[in-house]
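Me: I should like to learn how the features of a protein model are read. Could you take me through one, step by step?

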Amino acid sequence: MSEKPDVWQGTLSVMVLKTLQTMGPLHGYGIARRIEQTSGDLLSVNYGTLYPALLKLEQEGYIASEWGVSDNNRKAKYYKLTRAGRKQLEKETREWEQATTILARFLAPGEKSS
Amino acid sequence: MRRLRAWCMRFAGLYRKDQQDRELAEELESHVRMHIDDNLRCGMNPVEARRQALIKLGGVEQTKENYRDRRGIRWFETLLQDLRFGVRVLRKNPGFTAVAVFTLALGIGANTAIFSVVNAILLRPLPFQDSGRLMMIWHTPPQKSFPGVARFAVSPANYLDWRSQNHGFDQMSAIGFRSLNLTGMGQPESVTGLAVSADFFSVLRIRPSAGRGFVADDDQPGRGNVVVVSDAFRQRHFGANENILGRTIKLDDQSYEIIGVMSPKFEFPSGVQLWMPLAWTDKERGVRGIHNYLVMARLKSGVDKEKAQSEMDAISNNLAHAYPTDDAGWGAVVMPLRDSLFGSVRPALLVLLGAVAFVLLIACTNVANLTLARALGRRKEIAIRTALGASRGRVMRQVLTETVLLSVAGGALALLLAHFAVDSIAAFLGPRLRFSVEIGLDGWVLGFTLAISILTGIIAGLAPSWHLTKANLNASLKLGLGKTDSDPGSDRARNVFVVVEVALSLLLLVGAGLTIRTLYLLQGVNPGIDPHNVLTVPLAISDAKYSSADQQTNFFNNVLERVRALPGVESAGAVSSLPFQEGGSTEPVIAEGQPIVPMADQPEVAVRLISPGYLSAMRIPLEQGRDLTEADKAESRPVIIVSDAFAKRFWPHGNPIGKHVTLTFVPGPSREVVGVVGDVKLDGLDVTRPVAAIYDAMSQKPQTQMVLALRTSSPPTSLISAVTDAVHTVDPDEPVVAVVTMESIVDQSLGQQRLNAVLLATFAGLALLLGAIGIYGVQSYAVRQRVREIGIRIALGAKRSDVFLLVLRQGLKLALIGICIGLAASLGLTRLMASQLYGLSATDPLTFAAVAIVLAIVALLACYIPARRAMRVDPMVALRDE
């Protein structure tokens with residue numbers, strides 16, 4: 001197996017929310033695969049850690065779940081974004097954009113102090 | 001908000017756990033299947049596809065565990081688990097559980113009961129707005145005339161000067177008790193009224209629930225015929241819902257208009273049924289030397305008690321200079337209303353609070369002991385749990401959960417016990433308090449009980465759990481049957497428990513012993529009268545109806561004459577106020593041969609007015625001279641009788657008969673001493689100093705309030721109706737109430753001491769019982785631990801009596817150490833209750849010795865059963881038992 005970095009703490013929930021926003025209702029396995037694909041297979045999701053994270057989001061009311069049937073006729077639990085989840089995603093997106101901008105400025109080469 | 005929602009969900013997650021587990025398993029299952037499907041599609045063989053899917057998912061059990069952590073609340077679930085386990089363990093040991101719960105219930109119950117009294121009397125604010133600012137202001141009398149008297153009622157003129165000169169108080173109200181005859185509403189009745197200055201209700205910040213309070217205009221002479229009545233008064237004399245405002249009632253033959261009714265809760269001070277304006281006349285306003293009013297005031301905001309006190313000191317100083325005759329030596333003291341009302345019961349309550357705390361400590365020790373003994377039997381279980389990975393903290397928590405469970409159960413039972421105890425204490429204490437407070441189990445008391453229950457459980461569980469988890473894991477696991485192995489550490493702990501218990505019990509027993517001895521000594525005190533077979537009949541006539549001195553004297557003489565004629569009455573007389581009851585007055589005197597000094601420096605002596613026959617009815621012995629007779633009339637030569645203490649004080653050498661005494665307060669002729677009688681404990685049995693008293697002739701100084709004393713040959717109470725009839729033949733409007741035997745008055749005067757003695761004795765008895773159980777428990781446990789050793793001793797030829805003594809000696813040794821420590825502690829602590837003792841010192845050797853012996857005997861008895869059991873050990877059984 002190649003050395004892929006694990007998903008770092010605190011970002012998994014944003015990724016889940018974003019995934020659900022783009023993909024619509026999806027089951028846990030699908031979410032995990034989608035995250036890996038989106039990262040261009042740079043990230044490795046330990047699928048086991050996903051489920052407590054999903055539970056947490058559900059407890060906080062950002063997502064809701066219900067049982068359904070998958071494409072290949074398997075019973076699966078589907079998660080979908082709630083209205084609160086959508087708002088939360090917007091908020092977190094803004095925060096992340098800001099954070100990355102700031103960090104990018106710090107790390108940008110060439111601006112040396114005298 | 002989101003957090004809260006998540007927590008709620010997590011709490012909800014505590015339920016339906018099985019279903020949720022199943023759902024998660026299904027979800028993971030479908031996850032894995034989908035992953036396998038994908039892998040198969042990528043061309044893996046089925047085995048590899050499944051392997052990869054499972055690797056990617058990580059440990060399924062671990063995932064489930066993480067999921068569960070997130071789903072519920074870990075510590076809470078552990079707690080529930082511990083509780084369930086604890087309940088199971090306790091239910092499996094019903095004997096142990098019952099003993100422990102009951103022990104704790106007694107300890108906690110005693111605390112709850114006493115705390116509820118302390119809470120009501122000393123802690124909870126009085127039911128008045130901003131009650132912390134309410135003060136009473138008392139006079140402090142000159143110590144030369146009133147040695148040992150700390151506070152004194154106030155005279156009208158001084159009150160008026162205080163009120164006009166102070167700047168520290170918002171309002172200042174004078175109040176005086178009035179005993180009034182209510183007539184014109186069926187049977188004549190005596191009611192207690194309170195005459196108050198107009199601002200009385202505004203000092204308390206309270207209003208009548210119907211009608212109005214007093215205004216300045218009501219407080220003028222001639223306009224004061226208005227009353228505010230209590231709700232109880234209205235209920236009693238009118239219908240419950242009747243509008244009685246504007247109605248008039250007859251009090252002491254004068255009409256009063258009802259202008260207000262108080263709410264049902266307001267009865268201040270206790271027993272008062274109506275309030276009326278003082279309406280002092282100019283003459284009354286000028287009275288400076290008669291102190292018969294109480295003063296209540298409300299501190300201005302921003303002024304504290306000390307500041308108000310220093311201002312009152314300055315005012316008193318000025319008054320003393322301005323009016324040296326009346327005010328020299330008279331100071332003022334500002335005292336919080338609560339202290340004025342309840343200050344006298346405070347020390348006793350604190351002693352009781354200390355006593356119940358000790359009882360609880362003993363109960364705690366007992367339960368710790370039991371838990372430890374029982375826990376040692378569980379050493380193996382605990383060792384296994386530790387070996388399986390339970391941390392020390394986790395195991396301690398389990399043990400603590402069990403003891404807290406016990407103590408909370410004990411606390412619940414305690415509330416039940418306290419409920420009854422509080423009712424009887426309140427019933428006893430209620431009428432004795434100047435202001436009836438609601439004594440009961442309110443929120444504070446419940447909170448207190450819960451808090452001490454949990455605390456008790458933790459304290460009782462700490463030592464056992466610590467010992468248990470400290471035990472060497474290997475040694476515990478290797479234990480055989482666990483019957484012969486003892487652990488020196490926990491043996492020591494148990495011995496310490498016994499010593500502590502014995503010491504605490506001794507402390508309580510000493511306290512109870514001293515109080516009981518006090519009561520006993522007080523009951524043995526010669527009151528100076530013979531209270532058996534004496535009936536007392538208080539009579540108060542109105543001076544509107546009996547205005548002249550002759551009329552007043554004639555009324556009482558007529559009544560006495562009729563009463564004396566009743567069959568069963570041996571002798572009868574009247575007195576202005578009975579011994580052991582409040583209301584006696586003192587006056588400054590100049591006795592013949594004493595230097596003539598200003599009134600403030602003159603000695604004060606008790607003055608009682610009596611009729612002929614009083615001395616013989618009370619059997620007060622006549623030591624010299626003669627009794628008063630019918631011949632001592634108003635117009636004849638003024639004569640008095642003095643007490644032995646009076647005669648000894650002023651004429652230690654000469655013959656008192658024929659000497660003269662001047663009562664200087666109301667200027668008048670000097671009086672000739674015609675007799676000397678024995679001393680009477682006028683101010684109470686616990687007053688050691690003999691009371692110097694003067695018995696003045698009623699006929700020469702008539703009064704409107706007298707108490708008849710009847711010596712009877714039959715049981716006194718059987719005469720009540722005959723006496724009532726006799727009074728009514730003289731005046732049908734005269735109320736006859738509160739007729740009681742002199743014996744019950746003497747008895748009542750010891751009420752406080754008796755309550756103390758009963759409560760302390762109860763608590764000490766509890767302590768003794770718990771201590772005995774503790775010693776017994778430890779010794780039986782020790783014997784059980786040593787069965788094999790004892791078996792070997794007997795097999796090797798030890799005599800059974802030796803074994804018996806061995807066990808006995810061991811138990812007694814612990815008890816004796818406890819007794820010594822307890823005695824030492826008692827020497828220090830009983831000093832705190834010295835003020836409540838009479839006739840013996842706080843370190844009374846007799847009490848200490850008796851208590852130590854009692855405790856030693858109880859300890860001996862407690863060791864006796866285990867010792868006998870040890871003696872009967874069958875060596876064959878004991879040795880085979882391994």
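**Helices, interface and cores**

Reply: Let us begin with a pair of helices: α1(A) and α3(A) are roughly perpendicular to each other, a term for angles of 65 to 115 degrees. The model is predicted, so local features need pLDDT of at least 70 and side-chain atom pairs count only at pLDDT 80 or more, while totals for chains, interfaces and linings use all residues. Residues are numbered from 1 along each chain as its sequence is written, and chains are lettered from A and ligands numbered from 1 in the order in which they are written.

Me: How is the packing of two helices described, and at what angle do the axes of α1(A) and α3(A) cross?

Reply: Two packed helices are described by the angle between their axes and the distance between the axes. Here the axes of α1 (residues 12-23) of chain A and α3(A) cross at roughly 75° and come within 10 Å. Axes are lines fitted to C-alpha atoms, for helices over the stretch in contact, and angles run from 0 to 180 degrees between N-to-C directions. Helices (H or I, at least four residues) and strands (E, at least two) are DSSP runs, numbered from the N terminus.

Me: Which residues of α1(A) and α3(A) meet?

Reply: A:L12, A:S13 and A:V16 of α1(A) meet A:A53, A:L54 and A:L57 of α3(A). Two residues are in contact if their C-beta atoms, placed from the backbone, lie within 7 Å.

Me: What elements does chain A contain, and in which order do they run?

Reply: Chain A has four helices and three strands, in the order α-β-α-α-β-β-α from the N terminus.

Me: How many residues of chain A are in contact with chain B?

Reply: In chain A, 18 residues are in contact with 22 residues of chain B. On the side of chain A that touches chain B, α2 (28-38), α3 (47-60) and β3 (75-81) each supply at least two residues. The largest share, eight residues, comes from α3(A).

Me: Where does the largest nonpolar core lie?

Reply: A nonpolar core is a set of buried Ala, Val, Leu, Ile, Met, Phe, Trp, Tyr and Cys residues joined through C-beta atoms within 7 Å; buried means that 20 or more other C-beta atoms lie within 10 Å of a residue's own. The largest such core has 109 residues, and B:V359 and B:A767 are among those with the most contacts inside it. Helix α14 (residues 346-376) of chain B gives the most to this core, with 17 residues. Domain 2 (74-129 + 343-479) and domain 4 (498-525 + 753-882) of chain B both give residues to this core, so it lies between them; the domain bounds come from an automatic or database domain assignment.

Definitions and conventions
Buried ≥ 20, exposed ≤ 12 C-beta atoms within 10 Å, placed from the backbone. Parallel < 35°, antiparallel > 145°, perpendicular 65-115°, else oblique.
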